[in-house]
Amino acid sequence: MKKLNHKGYYFIAPFFAIFLVFNIYPVLLTFYYTFTKYEGYGKPEFIGLENYTRILTDGYFLEAFINTWKIWGLNFALQLGIALFLAALFSDLRYRIKGIGFFRAVFYLPNLITISSVAILFNIMLDWQHGSINMFLMKIGLISDPINWLNEPATAQISVALILTWMWFGYTFIVLMAGVSGIPGELYEAALIDGANRWQTFVHITLPLLKPIMLYVMITSLIGGLQLFDLPMLITDGLGAPEGSLNTMVLYLYNQAFRYNNYGYAATIAYALFLITVLFSVVTFRSMYRTNEKKEG
């Protein structure tokens, strides 16, 4: 048995070797760079905690932090609201909507399109002179003059948030519907017999039993939202225009590293982003967990 156990280690050794070289080593090396001034070539210059001091007083990083939260917050509120509405609609016994599999596929389809294709598509649609969105809104009389969606800070952030909502609400809907399918149908039938209306059924049955699923959706969306990079990068000049309103934390990290060759400070931003993500994920989890404990108590 001892010989067999020793031979087993040889089979798992390649995985651990690759994991150490391509996962653990880069993480540790990046942490070392946070204490250095490094331009991508030559020997890193050790500067102690200077990068950490800088990030605490960096107005551009604070602006990127606020921009990220604005875009993610609007996106998540719309995404969750639409997904919850659809989940309540499809779970309502009064409607008995058929073909739910078809709707799942249609709603999830935007998530399968590459982000570069999405950026090109919406760059064309949001064009202020010939874009189809302005043409449609002017035709139905909602606006009189074309809006330059991507050239104003407020409309640019709203546009990115709406694009992300369009891309991800289908995924959220599928996850919530999986949670709804786990709710016993007898509860809805009993509520229907007792004369509960749709709102009462949703608030007192669907919503409370979906809280664990909603917690999962919120934390995963938070982690992805704080890493927002590709769409702002592709839909603007790469610097977060207009007026830095689309300059997210990861886009700021990318520019510090690959545009300005400030790898030491970029590594510090990466670790700051990691700590922010962990902190808010724990706070979100604990706040919802405590709310459930109080209600059960």
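Where is Pro-242 found? In this predicted model, Pro-242 belongs to the loop between α11 (230-235) and α12, and a good way to start the tour is to look at its backbone. The peptide bond joining Ala-241 to Pro-242 is cis, with an omega of about 5°. Glu-243 is found in that loop between α11 and α12 too. Its phi is near 55°, a positive value in a residue other than glycine. Glu-243 has a relative accessible area of 67%, so it counts as exposed.

Moving along the chain, you come to the loop between α12 and α13, where Asn-261 has its place. Asn-261 is not a glycine, yet it has a positive phi of about 55°. With 34% relative accessibility, Asn-261 is partly exposed.

Now for the interior. In soluble globular proteins, nonpolar side chains tend to be buried together. Here the largest nonpolar core has 40 residues, and Phe-61, Leu-84, Phe-173, Leu-176, Met-249 and Ile-269 are those with the most contacts inside it. Several helices supply at least two residues each, including α7 (153-181), α12 (249-259) and α13 (263-296). The largest share, 10 residues, comes from α3. Apart from this core lies another, of 19 residues, with Phe-122, Ile-163, Met-167 and Ile-235 among them. For a close look at one residue, try Ile-269: leaving aside residues up to four places away in sequence, Ile-269 touches Ile-55, Phe-61, Met-249, Tyr-252, Leu-253 and Gln-256.

Aromatic rings give you another way to read the model, which holds 25 aromatic pairs. Take Phe-35 and Phe-46: their ring centres are 6.5 Å apart and their planes meet at 25°, so this pair is stacked. Phe-35 lies in the loop between α1 (2-33) and β1 (36-37), while Phe-46 is in strand β2 (residues 45-46), so the pair ties together parts that are 11 residues apart in sequence. Phe-46 counts as exposed, at 57% relative accessibility.

Compare that with Phe-258 and Tyr-263. Their ring centres are 6.0 Å apart and their planes lie at 85°, so the pair is edge-to-face. Phe-258 is exposed at 54% relative accessibility, whereas Tyr-263 is partly exposed at 25%. Both rings belong to a cluster linked by ring pairs, which also takes in Tyr-32, Tyr-33, Tyr-38, Phe-229 and Tyr-254.

One last stop involves a charged residue and a ring. Arg-54 lies over the face of Tyr-265, at 3.8 Å from the ring centre.

Technical notes:
Residues numbered from 1 in each chain as written. Predicted model: local features only at pLDDT ≥ 70, side-chain atom pairs only at ≥ 80, totals over all residues. Heavy atoms only, no water. Phe/Tyr/Trp six-rings, centres within 6.5 Å; stacked < 30°, edge-to-face > 60°. Helix = DSSP H or I, 4+ residues; strand = E, 2+ residues; numbered from the N terminus. Buried < 20%, exposed > 50% of the residue type's maximum accessible area, 1.4 Å probe, protein only. Lys NZ or Arg CZ within 6 Å of the ring centre and 35° of its normal. Core = buried A, V, L, I, M, F, W, Y, C linked by side-chain atoms within 4.5 Å. Contact = heavy atoms within 4.5 Å.
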